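The following exercises concern one protein chain and are to be worked with its sequence and coordinates at hand. Each task is followed by a solution in steps.

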Amino acid sequence: MSSAEIAKPAPPPEDNPADKLLPGEHTLPASWWTSQKVLDFEKKAIFSKGWLYTTHSIRFKKAGDYYSFTFLGMNFFIIKTKSGELKAFHNVCRHRAYPVVRKEKGSSIILGCKYHGWSYNTDGKLTKAPHFNEIEGFDPEANSLFEIKCHTGKHGHVYINFDNTDSAVPFEEFFEGLEDEMNEYDFEDYEYHMSYELDGEFNWKTLMDGYQECYHCPTAHPGLATAFKMETYKVVPKGNYCRHYAKIVEEEIAIPTEEADADEESSWFGFGKKKQSTTKKTEPIKKENPGGAFNGLWCYLFPTNGINCYSPAWYSIRVLPITPTRTILQYDIYTKKGLADDKKKEFVDFLQQVELEDYNLCVATQKNLNQGVYSTGYLHPLKEKGVLYYQGLVKDMVKKHYNLEQEAGKEINPAWVGGKENSEEAAELEALCAKIECQGSNPETKSGLEW
Ligand code: FES
Ligand SMILES: [Fe+2]
């Protein structure tokens, strides 16, 4: 998209005064932040049904370039095909399930499994299976890699959806309006800079709770108050995503003249940096703001992704649940083309400072949630509207999936890919395994196997 086509930043919608008259909403109970069973349900009900942000298409330069990921214990990779599109596949060989790619990133138009030598092309088609041409009736076509739904948006963002059922929701329906929202930012003018990861002892929702409000910002992020007008911070729920709005500080501020000269390159990302000055001479100057009138484009994407755009850089976050009390946070940063190295560093420092503050909040909060003495707390109907919104989606989707399983009388895993061509015997054995899991082998005690 050329700069001329960049849409004007949309102002946030006005508050509805009636919203202030809705007290009494509480968080979900703390047990939802500690229970393995709840996480198991969330995987099926939420993470295997929604569209999950992965990466940006700019990182794939040529056919065969791939990146591998692990979400919710599922290994998959995204690859640029010979025809130029991006496709996602479970990283599971169709022969005996060995991983087909074994690096975080790489490039190859032939993906050879290093166990028995089966090979696949960039479309996931089986092209070689040593000695299987001797086997009558073996159909290579039926042994392609398991494909995962993959959507590349018009701004290059790449999403996947594990839902392998007929009721999978199309991307445009799930994130209605999101792509248009992104018209305000020229993603083409940015290039990949770096990634980093944090490993935290907290539930994924502990992080999202803080992410979805800035009620905590004045107390927990004192540096941010110099960059944003906290009173203007607003989270507006849309279609399975929320737009965050805040006005940046642009007023003239009094800075000692000599100090200002010395820090000419300082921007509004130098949050909280107190400069030493020897001069007493003070004149009002305009604080440099590389964002100009741009107030930022910050989007939370349900359930666990964020795309946050500033003038010098934009970054994405993937929040990946590992256990009920352990979560991995992955950040990718893209900087404006031609941005000076010190500016890049300034942005990364800013981001990591804020993330560290949030990370510490999450660790300490989770410890208390684990104690079992706290259940729910009041949420402010406006200041914590984003928390109410996403927790409401969590609650509704988990309840709906629970009811589905109750009606079906069996577990339903939308990400399941192995069952379609299975033989009757395999289905029977799957059912037997489910019974054993459910009841144990001893119907009297309903406990597990007794040795
Ligand atoms: S597991 Fe891949 S070739 Fe056997
Ligand atoms: Fe925060």
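**Exercise 1. Determine which elements cover the buried residues of helix 1.**

Step 1. Helix 1 spans residues 36-47; helices (H or I, at least four residues) and strands (E, at least two) are DSSP runs, numbered from the N terminus.

Step 2. The buried residues of helix 1 are Val38, Leu39, Glu42, Lys43, Lys44, Ala45, Ile46 and Phe47. A residue is buried if 20 or more other C-beta atoms lie within 10 Å of its own, exposed if 12 or fewer, and partly exposed in between, with C-beta atoms placed from the backbone.

Step 3. The cover over these residues includes strand 1, strand 18 (313-323) and helix 8 (385-408).

**Exercise 2. State how far the predicted model may be relied upon, using pLDDT.**

Step 1. The model is predicted, so local features need pLDDT of at least 70 and side-chain atom pairs count only at pLDDT 80 or more, whereas totals for chains, interfaces and linings use all residues. Residues are numbered from 1 along each chain as its sequence is written, and chains are lettered from A and ligands numbered from 1 in the order in which they are written.

Step 2. pLDDT is the predictor's confidence in each residue, from 0 to 100. The protein chain averages 86, and 82% of the residues score at least 70.

Step 3. Residues 252-293 stay under 50, and the model has 55 contacts for them beyond four places in sequence; two residues are in contact if their C-beta atoms, placed from the backbone, lie within 7 Å. Residues 445-451 are also below 50, with 8 contacts beyond near neighbours in sequence.

**Exercise 3. Describe the open sheet and its strand order.**

Step 1. The protein chain has 9 helices and 19 strands. An open sheet is formed by 7 strands in the order 1-10-9-4-3-2-5, with antiparallel pairing; two strands pair if DSSP finds at least two bridges between them.

Step 2. Strand 1 (52-56) and strand 5 (105-107) are at the edges and have a single partner strand each, so one side of each lacks a neighbour in the sheet. On average, neighbouring strands are turned by 30° against each other, direction ignored.

Step 3. Strand 2 (residues 65-71) is joined to strand 3 by 6 bridges, and Tyr66 has Ile79 as its bridge partner. The hairpin of these strands has 2 residues between them, with Leu72 in the turn at a positive phi of about 55°.

Step 4. Strand 3 is joined to strand 4 by 5 bridges. Their hairpin has 5 residues between the strands, and Gly84 in the turn has a positive phi of about 100°.

Step 5. Strand 4 (residues 86-90) and strand 9 (residues 147-152) share 2 bridges, and Ala88 stands opposite Ile148.

**Exercise 4. Establish how strand 10 is enclosed and paired.**

Step 1. In strand 10 (residues 157-161), 5 of the 5 residues are buried, so the rest of the structure largely encloses this strand.

Step 2. In a regular strand the side chains alternate between the two faces of the sheet. Here His157, Tyr159 and Asn161 point one way, Val158 and Ile160 the other, and all are buried.

Step 3. Strand 1 is joined to strand 10 by 4 bridges, and Tyr53 is partnered with Tyr159. Strand 9 also pairs with strand 10 over 4 bridges, with Thr152 opposite Val158.

**Exercise 5. Is Lys87 buried or exposed, and what does it contact?**

Step 1. Lys87 lies in strand 4. Lys87 is buried, because 21 other C-beta atoms lie within 10 Å.

Step 2. Beyond four places in sequence, the contacts of Lys87 are Ile79, Thr81, Asp123, Gly124, Glu147 and Cys150.

**Exercise 6. Characterise the crossing of helix 4 and helix 7.**

Step 1. The axes of helix 4 (residues 204-211) and helix 7 (residues 341-370) come within 9 Å and cross at roughly 130°. Axes are lines fitted to C-alpha atoms, for helices over the stretch in contact, and angles run from 0 to 180 degrees between N-to-C directions.

Step 2. The two helices are therefore oblique to each other: angles under 35 degrees count as roughly parallel, over 145 as roughly antiparallel, 65 to 115 as roughly perpendicular and the rest as oblique.

Step 3. Thr206, Leu207 and Gly210 of helix 4 make the contact with Asp358, Leu361, Cys362, Thr365 and Gln366 of helix 7.
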